[in-house]
Amino acid sequence: MRFEIVTIFPGFFSSFFENGILRRALGEGLVEVGVHDLRAFTHDRHRTVDDRPFGGGEGMVLKPQPIAEALASLGIEPLKRAAVPDPEASKDVPRSRVILLSAQGRPFTQALARELASLDRVVLICGRYEGVDERINELYCDMELSIGDYVLSGGELAAAVVIDATMRLIPGVLGNEASSEFESFGIADGQIVSQADGVPRSQHGAGGLLDYPHYTRPAEFAGLRAPEVLLNGDHLQIRRWRREQQLRKTLANRPDLIQYAALSDEDRKLLDAIRKPSQTGSP
Ligand code: SAM
């Protein structure tokens, strides 16, 4: 899979590519990245990429022309808005998306990262200043993506987040394929195909819940002991304990996720039990 990044700060990404899982994935050719300097697509002495906003107001706006030329260099033309879509048109075309990083975008989620990981190419346009001329969004972009409800000074950090979360879901990138199924926002047990090998699982599939807490040696640290259940080797008890912790953590930190989570009857009972003490204590 290939990521193309359009940016005015190409140097931003160098250390990002040189470390960890991404470095290995790049080295093994599982992931490719192209970084495209927007200033290379300008035609004036000052290599100008921005201009003042029509209608006045604060700041500057990234001009459409250099971005359009950068996209053209990647073979990307304005989206055709045919009245009757041609079903043959998209056959054999690499599956790709053009994404504008924007605080106004739809939220980036693990589910979307999974969707992107199944594509051949993802093009990420990084805004700066007050943002990008809206016609780029209208003409070229399949979606606007936000990495959270806050405003960054540029889309580069957001592009790095999207690449990081997406590339680790590409088959072969993580050493253990199951890892991404068992972590926060992971898929439900029923959807996990890589099981039934007789080896006790580290937990149930996360089923859209947050992950459980992790502990390692020493068993006692700064007067706090790791939970006894994790030390006793009873895998069924460990799985149950971990599931309960997932439910507790999700309820405490992200109660909004519970409604979308894949819950068993046992989970629902556990949730009721967890909720009870706080309900009795409320006025
Ligand atoms: N005027 C814009 C607004 O209020 O929505 C903010 C522009 S911001 C200072 C500059 C660039 O940072 C944006 O064009 C976008 O590419 C990027 N950016 C800022 N916040 C972001 C977020 N939450 N998610 C993704 N990209 C973001």
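What share of the 283 residues in the protein is buried? The answer is 26%, and the views below come from a predicted model.

**View 1. The whole chain, for orientation.** Ten helices and nine strands make up the secondary structure here. Among contacts between residues at least 6 apart in sequence, 71% join residues at least 24 apart. Confidence averages a pLDDT of 88 over the protein, and 84% of the residues score at least 70. Watch out for residues 192–204, though: pLDDT stays under 50 over that stretch. The model still has 17 contacts beyond four places in sequence for residues 192–204.

**View 2. The shell around the ligand.** Zoom in on the ligand and you'll find 20 residues around it. Ala103, Gly127, Leu152, Gly155 and Ala158 come nearest. Two elements, β5 (96–107) and α6 (155–167), each supply at least two residues of this shell. Which of them gives the largest share? That's β5, with four residues. Sorted by class, the shell has nine nonpolar, nine polar and two charged residues.

**View 3. The largest nonpolar core.** This core holds 42 residues, and the members touching the most others are Ile67, Ile99, Leu101, Leu124 and Ile125. Helix α6 contributes the largest share of the core, six residues. As general background, nonpolar side chains in soluble globular proteins tend to be buried together. Pick Ile67 for a closer look: leaving out residues up to four places away in sequence, it touches Val6, Leu38, Leu62, Ile125, Val132 and Ile136. One of those partners, Ile125, is also on the list of core members with the most touches.

**View 4. Helix α3 and its buried face.** Helix α3 spans residues 64–73, and its buried residues are Pro66, Ile67, Ala70 and Leu71. Seen down the axis of α3, these buried residues fall within an arc of 135°, so they line one face of the helix. What do the buried residues of α3 pack against? Their packing partners are β1 (2–7), β2, β4 (61–62), β6 and α5. Ile67 from the previous view is one of these buried α3 residues. Just after the helix sits Gly75, with a positive phi of about 80°.

**View 5. Two positive phi values outside glycine.** Arg47 isn't a glycine, yet its phi is positive, at about 50°. You'll find Arg47 in the loop between β2 (32–37) and β3 (50–51). Is Arg47 buried or partly exposed? It counts as partly exposed, because 14 other C-beta atoms lie within 10 Å of it, and a buried residue would need 20 or more. Tyr129 is the other case in this view, with a positive phi near 55°. The loop between β6 (121–125) and α5 (134–140) is where Tyr129 sits. With 17 other C-beta atoms within 10 Å, Tyr129 is partly exposed too.

**View 6. A cis peptide bond at Pro218.** Going from Arg217 to Pro218, the peptide bond is cis, and omega is near 5°. Where is Pro218 found? Look in the loop between α6 and β8 (220–221). That places the cis bond's proline in a loop that follows α6, the helix that also supplies at least two residues of the ligand shell and six residues of the largest nonpolar core.

Technical notes:
Residues numbered from 1 in each chain as written. Near = placed C-beta within 6 Å. Nonpolar A, V, L, I, M, F, W, Y, C, P; charged D, E, K, R; others polar. Buried ≥ 20, exposed ≤ 12 C-beta atoms within 10 Å, placed from the backbone. Core = buried A, V, L, I, M, F, W, Y, C linked by C-beta atoms within 7 Å. Contact = placed C-beta atoms within 7 Å. Arc of directions from axis to C-beta. pLDDT = per-residue confidence, 0-100.
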